[in-house]
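Hi everyone, thanks for making time for this. I'd like to walk you through one structure today, so let's bring it up on the screen.

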Amino acid sequence: PLNAFDIHGPAIMHAATTIFWSLDILGSFCRSFEADGIVEMRLLKIARLYATTWLPLDLCAITCDWLSLTGIIPLTPVVRMLRLL
């Protein structure tokens, strides 16, 4: 269906998902968590927990996306596998 509009569907979807996941990383710094029955909403504690748990993996995945989107590295099966790790 996207051929009717003369746009490159996969490239647009790649850009859209890369932007979405980049914004999701920023949003992850604003999500509360529960610790010892208490809901923690202080940004510093949230940032510290996120930085020591999921942030390194998220940065690895999004870095591969941005590098392949900008054409610095081609989106090969090896790069796709790195995104899954």
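Let me start with a question for you: how much area does the chain expose, and what share of it do carbon and sulfur atoms supply? The answer is about 6600 Å², with 72% of that coming from carbon and sulfur. Please keep in mind that what you see is a predicted model.

Now to the interior. The chain has 85 residues, and 19% of them count as buried.

What about the fold? Counting secondary structure gives 4 helices and 2 strands. If you trace the chain along its sequence, the order is α-β-β-α-α-α, with the two β entries coming right after the opening α. As for contacts, take those between residues at least 6 apart in sequence: 37% of them join residues at least 24 apart.

Let's move on to the charged side chains. How many salt bridges does the structure hold? There are 2.

One of them pairs Arg31 with Asp24, at 2.8 Å from N to O. Arg31 has a relative accessibility of 43%, so it falls in the partly exposed class.

The other links Glu40 and Arg42, and here the N to O distance is 2.7 Å. So are these two partners buried or exposed? Glu40 has a relative accessible area of 11%, which means it is buried. Arg42, on the other hand, comes in at 51% and is exposed. The cut-off for exposed is over 50%, so Arg42 is in that class with its 51%.

That's my tour, folks. Happy to take your questions!

Definitions and conventions
Residues are numbered from 1 along each chain as its sequence is written. This is a predicted model: local features need pLDDT of at least 70, side-chain atom pairs count only at pLDDT 80 or more; totals for chains, interfaces and linings use all residues. Side-chain values use heavy atoms; hydrogens and water are left out. A salt bridge is a side-chain nitrogen of Lys or Arg within 4 Å of a carboxyl oxygen of Asp or Glu. Buried means under 20% relative accessible area, exposed over 50%, partly exposed in between (1.4 Å probe, protein chains only). Contact means heavy atoms within 4.5 Å. Accessible areas come from the Shrake-Rupley method with a 1.4 Å probe; for residues, only the protein chains shown count as cover.
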